Amino acid sequence: MINVLFSATPEAWTAYAEPLRTTFAQEGIEVALGTDLAPETVDWIIYAPNGGLHDFTPFTRLKGVQSLWAGVEQIVGNPTLTVPLARMVDPGLTQGMVEWVVGHVLRYHLGMDADIQRTDGEWVKHLPPLAQQRPVAMLGLGALGTACAQALSALNFDMHGWSRSARQIDGLTCHHGDDGLDDILSTAQIVVTLLPSTPATENLLNADRLSRLPRGAMLINPGRGPLIDDEALIAALDSGQIAHATLDVFRTEPLPRDHPFWTHPKVTVTPHIASETRPDSAARTAAQNIARAQRGQPLQHVVDRKLGY
């Protein structure tokens, strides 16, 4: 018998409790699962930062924490958390992100907005290049970035990926480091950002780097709001350096009503919907990861505390 504390919102508990119990049973793990277990009895925590738990010190026999979120910025630096932290890498979350990113890349590539927003009755043809003639940059080659980049590569886009350290991924031309970032930005007509929010990635796309893109490049950010310097982006949009930006994540969420992104004619705002965790599939992922560790196998997707992801 293991004791698993579920620490998230009451609404999440309603959605997750049954699929978690079902998966633990299928894995042959006898579990006491609840939201109010005595801290000193808890073996594992299934966790979301919005559940209100911040001090892990009382959990004296804790083996590990399984996050329900793909992003771990709000917990990774917590000094009271000294056990392994596994981030959520869920097939449903990944598929949702792939669909959202591919949809918006195709929207830009095909110039769909010109027809969707047309009200002037003018018969104006616009023929896009083929995908292999369209350089696309994926900034971030974690699980989500790699999945999205490979899906775009399968559509024959001229795909380039960037990460801090060197990677080799089928179907992508991979770049790394500061020089690699300059190289990838110099040719990218569409840029997708799927990096974590860390001190090293804050304002990664600043005025200087936005100026390195080909004039008229387009930007898609489903990653983290702080990756882009907001004021620099607005200036680049106003000057025509950036033709359009589709933004799903922001420094403050919900995005304040008076933020200029809402009314800027070259910005599409979506309300952090690029990929949502699906309780059924995420519950399976969480329970299976804990069950794996209970059987003596390595916990998967453990966060590197030095990198922050």
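V191 stands opposite L219 in β10. That pairing belongs to a parallel match between β9 and strand β10 (residues 217-221), which runs over three bridges; two strands count as paired if DSSP finds at least two bridges between them. To get from β9 to β10, the chain passes through helix α6 (residues 207-212), and this β-α-β crossover is right-handed. Right-handed here means that, with the strands pointing away from the viewer, the path from the first strand over the helix to the second runs clockwise. Helices (H or I, at least four residues) and strands (E, at least two) are DSSP runs, numbered from the N terminus.

A word on what you are looking at: this is a predicted model, where local features need pLDDT of at least 70 and side-chain atom pairs count only at pLDDT 80 or more, while totals for chains, interfaces and linings use all residues. Residues are numbered from 1 along each chain as its sequence is written, and side-chain values use heavy atoms, with hydrogens and water left out.

Back to β9, which also pairs with strand β6 (residues 135-139), in the parallel sense and over four bridges. There, I190 is the bridge partner of V136. Which way do the side chains of β9 point? I190 and V192 go one way from the strand (residues 190-193), V191 and T193 go the other, and all are buried. Buried means under 20% relative accessible area, exposed means over 50%, and partly exposed is in between (1.4 Å probe, protein chains only). In a regular strand the side chains alternate between the two faces of the sheet.

Elsewhere, five strands make an open, parallel sheet in the order β2-β1-β3-β4-β5. Its edge strands, β2 (31-34) and β5 (85-86), each pair on one side only. Strand β1 (residues 2-7) and β2 share four bridges, and I2 sits opposite V31.

Now for the empty space. A cavity is a set of points on a 1 Å grid over the protein atoms alone where a 1.4 Å probe fits but cannot get out; a pocket is an open set with protein on both sides within 12 Å along at least five of seven lines, and lining residues have an atom within 4 Å of a point. Grid points are joined across faces, edges and corners, and a volume is the space filled by probe spheres set on the points.

The second largest pocket holds about 170 Å³. Its lining includes R107, Y108, D113 and H244, and α3 (112-116) gives the most, with three residues. How many cavities of 30 Å³ or more does a search of the whole structure find? Just one turns up. The largest cavity has about 50 Å³ of space, and among the residues lining it are N221, D230, F250 and R251.

Three histidines are partly exposed:

| Residue | Place | Relative accessible area |
|---|---|---|
| H176 | strand β8 (residues 173-176) | 41% |
| H272 | loop between β12 and α8 (279-294) | 31% |
| H301 | segment after α8 | 33% |

H272 has a positive phi of about 50° although it is not a glycine, and phi of H301 is also positive, near 60°. As for H176, its C-alpha atom is separated by 5.4 Å from that of S165, 11 residues away along the chain. Setting aside neighbours within four places in sequence, H176 is in contact (heavy atoms within 4.5 Å) with W162, S163, R164, S165 and A166.

Finally, a backbone oddity: the peptide bond from E253 to P254 is cis, with omega near -5°. P254 lies in the loop between β11 and β12 (267-269).
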